[in-house]
Amino acid sequence: MSPLKRTKISTLAVVAIVCALIAWVSTLSFYGSFPPIKTTGSVLLWVFAIVCAVAGWVIRKRIGSSSGVGMDRTQMQPTTVVQWLALGQATAWAGSVFLGVFVGAGLYVLPNAGHLMAAEADVPGVIAGALGALAAVAAGVWLERSCEAPPPDAPLTPNGLDVG
């Protein structure tokens, strides 16, 4: 099993751009069939962004303290840290996809808001969704980066055994 790797910001950006293009083409073709884009559609993105941001702050503080990560009762359990890391990665990826979807829809909605009543009504939902998705991406990446523990003091060999 390979070790977990950091999520690359550039990969998240590529996913958002591809999803924006797909959403833009879909919106051009099927906008009349879309349900209204309401601001309440972004609430879950904002909730995940807040949870990830707070968790990242708490975990960074706990890992940086004298107790750190370990199996003692005063330490943060390694499996808990990995679970939070997985949530951060999932939030960043999902936020990237939704960012692309809201930006792609916005590429059609914003220019047409002046002469389409439906597009004018969708502007707040598109903006709230794009900002919520951007916040989710940033908070997810922050949580992922906060879950990195400092390396142990003793140097290890490539197979993971202690050389000391």
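A helix here is a DSSP run of H or I at least four residues long, numbered from the N terminus. With that in mind, colour the chain by element: the order from the N terminus is α-α-α-α. This is a predicted model.

**Whole chain**

Stay with the full view. The protein chain has four helices and zero strands. Of its 164 residues, 35% count as buried. Switch on the surface: the chain exposes about 10,000 Å², and carbon and sulfur atoms supply 71% of that area. Now think about contacts between residues at least 6 apart in sequence. Of these, 76% join residues at least 24 apart.

**Stop 1: the largest pocket**

Rolling a probe the size of a water molecule over the atoms shows where empty space is left. Go to the largest pocket, which holds about 210 Å³ of space. Select its lining in two steps. Start with Ala23, Ser26, Thr27, Phe34, Pro35 and Pro36, which are among the lining residues. Then add Ile37, Lys38, Gly41, Val101, Phe102 and Ala105, which also line the pocket. Which elements give two or more residues to this lining? They are helix 1 (9–30) and helix 3 (78–112). Colour the selection by class: eight residues are nonpolar, three polar and one charged.

**Stop 2: the second largest pocket**

Keep Gly41 and Phe102 selected. Both are listed in the lining of the largest pocket, and both are listed again in the lining of the second largest. This second pocket has a volume of about 160 Å³. Extend the selection to Leu44, Leu45, Phe48, Ala90 and Thr91, which are part of the lining. Ala94, Gly95, Phe98 and Ala136 line the pocket as well. Helix 2 (43–64) and helix 3 are the elements that give two or more residues here. The largest share, six residues, comes from helix 3. By class, the lining has eight nonpolar, three polar and no charged residues.

**Stop 3: the salt bridges**

Side chains of opposite charge can pair when their charged atoms come close. How many salt bridges does the count give? The count comes to two.

Select Arg6 and Glu148 for one of them. Their closest N and O atoms are 2.6 Å apart. Arg6 sits in the segment before helix 1, and Glu148 in the segment after helix 4 (117–146), so the bridge ties together parts 142 residues apart in sequence. Glu148 is partly exposed, at 37% relative accessibility.

Next, select Arg145 and Glu144. Their side chains form a salt bridge at 3.3 Å, N to O. Are these two residues buried or exposed? Buried means under 20% relative accessible area. Arg145, at 18%, is therefore buried. Glu144, at 2%, is buried too.

**Stop 4: Thr7**

Finish at Thr7, in the segment before helix 1. Thr7 has 5% relative accessibility, so it counts as buried. What does Thr7 touch, leaving aside its neighbours within four places in sequence? Show Leu12, Gln89 and Trp93, which are among its contacts. Then bring back Glu144 and Arg145: Thr7 is in contact with both. These are the partners in the 3.3 Å salt bridge of the previous stop.

Notes:
Residues numbered from 1 in each chain as written. Predicted model: local features only at pLDDT ≥ 70, side-chain atom pairs only at ≥ 80, totals over all residues. Heavy atoms only, no water. 1 Å grid on protein atoms, 1.4 Å probe; cavity = no way out; pocket = protein on both sides within 12 Å on 5 of 7 lines; lining within 4 Å. Points joined across faces, edges and corners; volume = space filled by probe spheres on them. Nonpolar A, V, L, I, M, F, W, Y, C, P; charged D, E, K, R; others polar. Salt bridge = Lys/Arg side-chain N within 4 Å of Asp/Glu carboxyl O. Buried < 20%, exposed > 50% of the residue type's maximum accessible area, 1.4 Å probe, protein only. Contact = heavy atoms within 4.5 Å. Areas by Shrake-Rupley, 256 points an atom, 1.4 Å probe, with all protein chains shown as cover.
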